[in-house]
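Please read the following account with the structure open beside the text. It moves from the chain as a whole to a few chosen elements.

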Amino acid sequence: MTAARLVALGLLAIALSPPGDAVAAEGARPKVGLVLGGGGARGGAHLGVLEVLEEMRVPFDCVAGTSMGAIAAGAYAAGVAPAEIRSAIARTDWTALFDDSAGRDAVSLRRKEIDDRYYSGLEFGVTRDGLRYREGAVAGEKIKLFFNALVRGDLGERRIERLALPLTLIATDIGTGERVAMRDGSLTSAMRASMSVPGAIAPVVRDGRKLVDGGLVDNLPVQEVRDRCGAEVVIAVNVGSPLLKPEEVTGVLSVVGQVVNLLTEQNVAKSLALLGPRDVYMRPELGDITAADFNRQLDAAETGRRAALAVADRLQALAVSPEAYKAWRAGVRMDPAPTPPVVDEVRIARTRFVNAEELRASIRQQEGAPLDSRALEKDLVLVHSRGDLTSLDYSVLRERDRTILQLTPIEKSWGPDYLRFGLNLSSDFRAESPYNLRALYRRTWLNAYGGEWLTSLQLGNNQGFATEYYQPLDLRQRWFVRPFIGAAQRKLGLFFDGDRLAEYRVRDSRAGLELGANLDAYGQAKLGWLERRVRATRDTGDPLLPDSRGTVGGLTGSLALDTQDFAFFPTRGYRVNLDYFDAFRQSSLDGRYGRAEGRVGGAWSPGDFVVLGTVEGGQATRGTPPLGDAFALGGQGRLSAFAPGQIVGTEAYGLLSVQAQYRLTRPLPLLGLSVMAGLSFETGYMKNPVTEPNLTGAVNSYGLYLASNTVFGPMYLGYGWSKERSGRFYLFIGTP
């Protein structure tokens with residue numbers, strides 16, 4: 001046999017061998033284990049290290065990872081090339097990834113209205129065992145779907161034990177504190193579990209254990225690769241956050257972060273003690289890149305490259321021939337262009353209260369069609385955004401010659417009954433400092449169509465109680481019926497030349513029935529009948545000022561459209577509100593009346609600038625509305641130089657508002673907080689005003705403010721002025 005034929009047969013044998021056997025054919029080469037540590041966004045450095053290992057032709061026999069190291073290790077072991085990982089990082093909006101919702105513009109108007117008024121972050125479950133709270137600020141729905149897409153879970157369930165490269169991912173059992181080495185089972189659930197920062201990202205239930213970030217117990221799992229593949233040489237990459245200096249530990253968040261770093265550094269020190277002179281250790285100099293700087297992962301990757309190149313001479317000793325490395329990499333690498341499978345059946349796991357038929361109706365994937373993973377992910381996020389589930393995952397299974405798309409909805413363990421809260425506080429730094437506290441009790445899935453019962457209570461300057469029953473009439477919830485009752489009380493001031501002459505207490509009791517239609521995710525139209533009892537009683541002021549009371553019943557109609565991406569600081573989209581009430585029946589009032597009111601607003605964002613525009617107006621369509629149903633101007637965005645409700649009229653009004661905002665800080669992942677500065681111009685007109693009767697023409701108002709979307713809702717600190725009135729400072733925080 002010729003030498004050429006012997007070489008050809010040898011290369012063929014290498015190419016047909018498993019990855020470990022391919023490099024073993026090199027002879028005396030030691031077994032190599034790769035260890036990728038945790039460190040949040042600093043884990044982007046692992047990408048640079050992997051790139052250098054490929055360029056230098058350094059294979060390894062097993063890999064272990066923790067937290068963000070588990071992401072890099074899992075993706076690489078699943079056959080994803082470093083270039084593909086880099087591309088996925090670059091095109092991902094990391095701020096949006098840590099927001100479980102599909103975005104405000106994609107959820108129903110009903111959900112928008114609830115979220116805008118009551119904090120979703122303060123949602124408690126009402127159970128037989130008392131109040132329960134969610135287990136993490138983020139459920140991790142989008143994160144898990146990102147992992148599915150990264151390792152091509154749409155081609156079939158990726159299981160750790162079936163990967164060509166031995167892989168271990170580390171997590172912590174939050175119940176026992178035990179170290180959990182995940183060497184089999186779902187790859188993406190293991191990746192998700194290993195990076196579940198306690199309190200920030202919800203734990204993952206896996207094999208009956210509730211798992212969180214593995215960095216708490218083994219952030220640099222050196223011993224794991226010794227045990228897993230008998231690694232004689234360990235390549236370890238440590239990207240953990242350095243400890244803060246004592247003077248840098250100044251607040252609650254920094255204290256918590258320092259405690260986590262202390263726990264991590266202690267177990268890392270034990271792992272470092274296991275390294276010997278043959279092992280290769282890297283700690284990239286990541287400088288000011290923090291664990292939360294997910295938008296700087298590619299910067300971290302470049303730092304990782306430099307760290308790997310700095311030890312290139314030691315890595316070179318572990319390199320193999322081009323032929324052997326090509327064979328090893330071919331055994332690990334995924335087919336770059338696989339064909340999506342045809343789905344024979346869509347199967348939904350059993351649920352406790354969510355209607356599986358309704359869920360299936362919201363998923364566009366058709367049986368007998370190729371799997372469209374992108375459309376599926378969008379649908380899953382949309383369904384998850386409704387607020388009934390902690391997660392909604394998918395897997396692609398093979399049963400004989402059939403492909404099953406398995407959907408696994410995990411309902412909120414603290415549902416389906418919920419309690420939410422809201423508040424607002426404001427001040428004009430003079431005499432006015434109103435406040436309001438509110439609560440909402442919401443019972444969901446009272447029947448298969450998704451019936452809901454809502455009861456709300458508000459205490460403070462404006463008080464109220466209301467209850468309603470929302471009953472969809474079809475599975476897709478296109479049509480609904482809504483009976484409701486409620487009572488509210490608010491204060492109405494009568495002003496003259498900036499002075500408060502009197503104050504009325506307006507009590508409004510109402511009951512009604514509406515038939516409505518949901519207009520996809522962006523709107524709602526309603527038509528109904530409303531019965532009201534309205535009383536306006538003078539609290540302070542001239543005794544000659546009259547009181548007003550009476551009952552009224554009439555036809556109501558409304559149309560609401562809302563596509564804005566954020567409730568209070570939108571950067572795009574529009575909002576439309578049209579309302580009409582015609583009092584056919586009345587008693588003890590001034591006669592039959594009707595009123596119509598409309599508002600159209602939009603947002604446009606060129607870069608860090610945001611321009612907001614609003615036009616609104618109201619008109620008495622007939623008769624004279626009572627004081628309790630009057631139009632009002634004043635307050636932030638509605639003539640900021642005037643107090644809320646300072647200009648009141650019953651005939652007609654108009655308002656134009658333009659605001660220009662500049663984003664001073666970028667939104668933070670997980671927190672989403674940002675600060676902006678704004679300028680405002682408003683011009684308004686009230687026909688024959690009841691209060692401030694001298695303001696009969698157009699009134700202009702100018703303002704400037706600082707604003708932020710805090711955990712308590714929007715906050716504004718501003719100053720408004722007008723030539724008609726002296727300037728006014730104002731502060732507002734909370735939800736309207």
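What follows begins with the overall chain and then turns to a sheet, a helix and a single side chain.

The model is a predicted one, and its chain contains 16 helices and 33 strands. Along the principal axes, the C-alpha trace extends over about 115 × 60 × 45 Å, while 51% of the 736 residues count as buried. Among contacts with a separation of 6 or more, 65% are made by residues 24 or more positions apart. The accessible surface amounts to about 33000 Å², and carbon and sulfur atoms contribute 57% of that area. As for charge, the chain carries 86 positive and 84 negative side chains, with the centres of the two sets 2 Å apart.

A convenient place to look in detail is an open sheet of three strands, in which the order is E13-E15-E14 and the pairing is mixed. Strand E13 (345–348) and strand E14 (389–399) each have a single partner strand and stand at the edges, so one side of each has no neighbour in the sheet. On average, and with direction ignored, neighbouring strands here are turned by 20 degrees against each other. Strands of a sheet pair through backbone hydrogen bonds, in either a parallel or an antiparallel manner. Between E14 and strand E15 (residues 402–411) the sense is antiparallel, and the pairing runs over 10 bridges; Asp393, for example, has Thr408 of E15 as its bridge partner. Helix H16 (residues 373–384) packs on this sheet, where it touches E14 and E15, and the direction of H16 makes about 150 degrees with that of E14.

Elsewhere in the chain, how enclosed is helix H8 (residues 141–150) by the rest of the structure? Nine of the 10 residues of H8 are buried, so the helix is largely enclosed. The buried residues of H8 include Ile143, Leu145, Phe146, Phe147 and Leu150, but also Glu141, Lys142, Lys144 and Asn148. After H8 comes Arg152, which has a positive phi, near 60 degrees.

Phe147 also leads to helix H9 (residues 187–194), to which Met191 belongs, since Phe147 is one of the residues that Met191 touches. Met191 has a relative accessible area of 0% and is therefore buried, the limit for that class being under 20%. Leaving aside residues up to four places away in sequence, the contacts of Met191 are with Ala70, Ile71, Gly74, Ala75, Phe147, Val151 and Leu169. Of these, Ile71 is 120 residues from Met191 in sequence, yet the C-alpha atoms of Met191 and Ile71 are 5.7 Å apart in space.

Conventions:
Residues are numbered from 1 along each chain as its sequence is written. This is a predicted model: local features need pLDDT of at least 70, side-chain atom pairs count only at pLDDT 80 or more; totals for chains, interfaces and linings use all residues. Side-chain values use heavy atoms; hydrogens and water are left out. Helices (H or I, at least four residues) and strands (E, at least two) are DSSP runs, numbered from the N terminus. Buried means under 20% relative accessible area, exposed over 50%, partly exposed in between (1.4 Å probe, protein chains only). Contact means heavy atoms within 4.5 Å. Accessible areas come from the Shrake-Rupley method with a 1.4 Å probe; for residues, only the protein chains shown count as cover. Lys and Arg count as positive and Asp and Glu as negative; His and the chain ends are not counted. The place of a charge is taken as NZ of Lys, CZ of Arg, CG of Asp or CD of Glu. Two strands pair if DSSP finds at least two bridges between them. Axes are lines fitted to C-alpha atoms, for helices over the stretch in contact, and angles run from 0 to 180 degrees between N-to-C directions.
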